[in-house]
Amino acid sequence: MTPPLTGILETALYVADLERAERFYGDLFGFGRLFRDERLSALDVAGKSVLLLFRAGASEPAPIPVPGGTVPPHGAEGRIHLAFAIPAEALAGWEARLEARGIPIEGRVAAPRGGHSLYFRDPDGHLLELATPGLWPTY
């Protein structure tokens, strides 16, 4: 039997400019800072999960000592994809918010289950998605 698992707690993005990335996510989404040092910024996502912004290359190649233990080295290259859940009634508000900030919407999807997605990029080129319920059988 598989032990219980309750969800994804953290998602990590690797960024060229930590200050710029933290400002983008804070200003656009209102994510508050939970922790910050020269290597990373941890942001609160709706009181449910954490977005970790790592300075690219700062968590490689050696383990990182932290209070209570060590974190193994890690990193990623290239542009990755991350989706944020939004209520269906918030879709138009998000479109307006992106437009007001001059952030181009690169794609729109109307899923067969009824969900809708907007796609755009952060300053590091990561593909971000805002998705309404009806996208997946679980959402």
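Good morning. In what follows, two residues are in contact when heavy atoms of one lie within 4.5 Å of heavy atoms of the other. Please keep in mind throughout that the structure shown above is a predicted model.

I shall begin with the contact between two helices. Asp27, Leu28 and Phe29 in helix H1 meet Trp94, Arg97 and Leu98 in helix H2. What is the make-up of this contact of H1 with H2, in terms of nonpolar, polar and charged residues? Four of the residues are nonpolar, two are charged, and none is polar.

How are two packed helices described in general? One gives the angle between their axes and the distance between those axes. In our model, H1 covers residues 18–29 and H2 covers residues 91–100. The two pack at an angle of about 135°, and their axes are 11 Å apart. H1 is therefore oblique to H2.

Let us now turn to the sheet on which H1 packs. This open sheet has four strands in the order S1-S4-S3-S2, and the pairing is mixed. Which strands are at its edges? They are strand S1, residues 10–15, and strand S2, residues 33–36, each of which pairs on one side only. From one strand to the next, the twist averages 20°.

Within this sheet, strand S3 (residues 40–45) and strand S4 (residues 49–55) run antiparallel and are joined by six bridges. As an example, serine 41 has leucine 53 in S4 as its bridge partner. Helix H1 packs on the sheet and touches S1, S2, S3 and S4. The direction of H1 makes about 155° with that of S4.

I come next to the strands around H2. Here an open sheet is formed by four strands in the order S7-S10-S9-S8, again with mixed pairing. The edges are taken by strand S7 (81–85) and strand S8 (107–110). Why does each of these have one side without a neighbour in the sheet? Each has a single partner strand, so one side is left free of a neighbour there. On average, neighbouring strands of this sheet are turned by 20° against each other, direction ignored.

Strand S9 (residues 116–121) and strand S10 (residues 127–131) run antiparallel, with five bridges between them. In this pair, phenylalanine 120 has leucine 128 in S10 as its bridge partner. Helix H2 lies across S8, S9 and S10, and runs at about 15° to S9.

To close, I return to the two helices. H1 packs on the sheet of S1, S2, S3 and S4, H2 lies across S8, S9 and S10, and the helices pack with each other at about 135°. Thank you for your attention.

How values were computed
Residues numbered from 1 in each chain as written. Predicted model: local features only at pLDDT ≥ 70, side-chain atom pairs only at ≥ 80, totals over all residues. Heavy atoms only, no water. Pairing = 2+ DSSP bridges. Axes fitted to C-alpha atoms, helices over the stretch in contact; angles between N-to-C directions. Parallel < 35°, antiparallel > 145°, perpendicular 65-115°, else oblique. Nonpolar A, V, L, I, M, F, W, Y, C, P; charged D, E, K, R; others polar.
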